[in-house]
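Let's take a walk through this structure together, beginning with one helix and what surrounds it.

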Protein chains: 2
Amino acid sequence: MSKDPFRGVLVPALTPFRSDLSPDADAFVTHCRWLLDRGADGLAVFGTTSEANSIGLDERLELLEHLIECGISPNMLMPGTGTSALTDTVRLTTHAVEKGCAGVLMLPPFYYKAVDDDGLFASYSEVIQRVGSDSLRVYLYHIPPVSKVPLSLELIGRLLKEYEGTVVGLKDSSGDWHNTEAVLKAYPSLATFCGSEVFLLNTLRAGGAGSITATANVNIVPIRRVYERWQEKDAGELQKKITAVRKAFEGYATIPAMKAIIAQYYDSPQWCTVRPPLQALHPSDTQILRDSLTQLGFEM
Amino acid sequence: MSKDPFRGVLVPALTPFRSDLSPDADAFVTHCRWLLDRGADGLAVFGTTSEANSIGLDERLELLEHLIECGISPNMLMPGTGTSALTDTVRLTTHAVEKGCAGVLMLPPFYYKAVDDDGLFASYSEVIQRVGSDSLRVYLYHIPPVSKVPLSLELIGRLLKEYEGTVVGLKDSSGDWHNTEAVLKAYPSLATFCGSEVFLLNTLRAGGAGSITATANVNIVPIRRVYERWQEKDAGELQKKITAVRKAFEGYATIPAMKAIIAQYYDSPQWCTVRPPLQALHPSDTQILRDSLTQLGFEM
């Protein structure tokens with residue numbers, strides 16, 4: 001794994017499924033290549049946006065191997081490896097390290113709720129110690145709206161102190177700028193990413209590393225422009241534009257909405273497919289979304 | 001799988017771990033036998049109480065096989081098979097059917113929150129259709145305090161109608177008697193189990209099938225007595241006693257608390273071990289719990 005933490009605009013790449021719900025590994029490679037060609041600074045494959053937790057353990061292992069075999073550099077990969085089960089998390093994380101991935105994005109175990117910091121510290125500790133590799137780089141994944149298992153500021157600090165050089169970053173998908181700001185202030189050495197590009201400019205101004213954001217699957221170039229020009233005069237205007245696109249998607253179930261738009265772009269209706277419990281966007285909603293995106297001057 | 005749904009007092013058997021956190025398959029068999037010897041009407045292994053979602057996929061498959069190889073009848077088994085991932089749920093469920101288990105207790109996919117009934121219906125449908133066995137018997141698992149993914153009354157009705165003879169029961173661990181009552185009233189043909197023995201007498205009086213309850217791991221005989229004598233004059237008194245024991249455990253993290261008491265009973269300190277994110281009960285808490293149980297006349 002590389003020594004320098006990720007920076008910039010990373011994409012939690014969507015996972016395409018065939019109509020029988022099996023992962024379409026080749027369409028996945030195509031989409032990942034497209035994102036990298038357009039400037040993605042890394043691919044946080046197997047994130048929430050990727051429907052990773054709807055995908056089986058073996059399927060995840062195979063998909064990651066396929067990506068790398070097809071020439072996607074593991075230096076650009078930060079796969080999600082956190083599951084509810086200790087041993088499955090160890091298995092996915094060890095595999096990612098063995099394949100040379102530059103980092104992993106690690107959810108806390110997310111089945112039990114209201115667990116305390118000691119339990120979450122022990123969870124991360126066990127995984128890190130069992131993987132037992134100097135090459136491991138962990139990015140903590142704070143996404144309480146979905147996981148319902150928040151990572152407190154104190155827990156982040158404990159992990160950063162105990163596993164300096166291994167715990168190197170964090171994705172904050174709380175949707176709460178005050179939390180991101182507090183993390184950035186408390187732990188300036190941590191590579192902190194906002195989980196929505198709505199906060200990208202704020203994050204960069206506060207010393208953050210960038211964003212790992214769902215909507216980068218469809219809007220990578222304008223988002224990267226904010227990252228490149230955040231110290232320029234037009235940064236605020238550029239931020240406004242990407243915020244507007246994000247908000248348009250947030251009016252719908254975001255994952256099905258992005259897949260519907262990508263299906264049009266690739267002219268591949270199969271791209272609309274999501275795994276249950278998610279549901280594909282209704283065609284009439286796709287049309288309304290498409291119209292509002294057109295009004296915003298959006299194009300993929 | 002047997003044609004008649006389960007009835008009575010089922011136990012979500014605790015899973016013992018060695019000090020290195022690996023499952024202790026033999027201690028597991030011993031505990032399961034002990035429960036059956038004391039009158040358990042079935043074992044809902046790999047439930048929430050069993051820390052199943054902290055246990056890896058392969059470990060679950062192996063543990064189930066070991067139980068059956070050691071002579072625990074699959075007719076008495078209702079393993080939990082619901083995971084967040086469609087294909088993993090199919091794998092665990094197919095395996096349980098192939099091993100002859102009399103039923104499975106199925107969580108909805110529990111990663112994404114605020115999913116709608118159509119998505120949950122599609123999830124259960126996909127699993128049932130992929131398993132594709134006349135022998136499959138599904139018990140729905142409603143445990144919103146932990147899963148954060150409730151099963152609505154409407155959804156239960158849709159599944160019951162579409163998969164009559166396959167979807168045969170439900171465990172209600174909402175902790176909300178009004179919900180259990182509503183399910184019992186709406187779907188009298190469903191084998192409905194309360195998830196806490198606090199509601200056992202109420203459940204039986206309303207036509208329910210019994211209870212699948214954590215504390216049965218330590219208090220099976222008195223709980224079964226309520227089940228046997230629910231139409232007798234002393235039923236209310238018997239219910240009061242088991243409620244008091246339940247409440248004593250609920251003052252602590254219930255899983256570590258039960259493991260601590262079982263560790264004393266088996267004289268096996270290793271039984272205190274839980275997998276993170278859970279944490280073992282502090283010895284001083286164990287003593288306080290032990291004292292309050294003694295005052296209640298509790299014995300295993």
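The buried residues of α7(B) pack against α6 (153-162), β5 (167-172), β6 (191-194) and α8 (200-205) of chain B; residues count as in contact when their C-beta atoms, placed from the backbone, lie within 7 Å. Helices (H or I, at least four residues) and strands (E, at least two) are DSSP runs, numbered from the N terminus. This is a predicted model, in which local features need pLDDT of at least 70, side-chain atom pairs count only at pLDDT 80 or more, and totals for chains, interfaces and linings use all residues. Residues are numbered from 1 along each chain as its sequence is written, while chains are lettered from A and ligands numbered from 1 in the order in which they are written.

Which residues of α7(B), residues 177-186, are buried? They are Thr180(B), Val183(B) and Leu184(B) (buried means 20 or more other C-beta atoms within 10 Å of the residue's own, exposed 12 or fewer). Down the helix axis, these buried residues fall within an arc of 100°, so they line one face of α7(B). His178(B) and Lys185(B), on the other side of α7(B), are exposed.

Now turn to chain A, where α1 (residues 25-37) and α2 (residues 57-69) pack at about 55°, their axes 10 Å apart. The contact brings together Ala25(A), Phe28(A), Val29(A) and Cys32(A) of α1(A) with Leu63(A), His66(A) and Leu67(A) of α2(A).

Finally, look where the chains meet: 33 residues of chain A are in contact with 33 residues of chain B. On the chain A side, α4(A) gives the most, with six residues.

Technical notes: Axes fitted to C-alpha atoms, helices over the stretch in contact; angles between N-to-C directions. Contact = placed C-beta atoms within 7 Å. Arc of directions from axis to C-beta.
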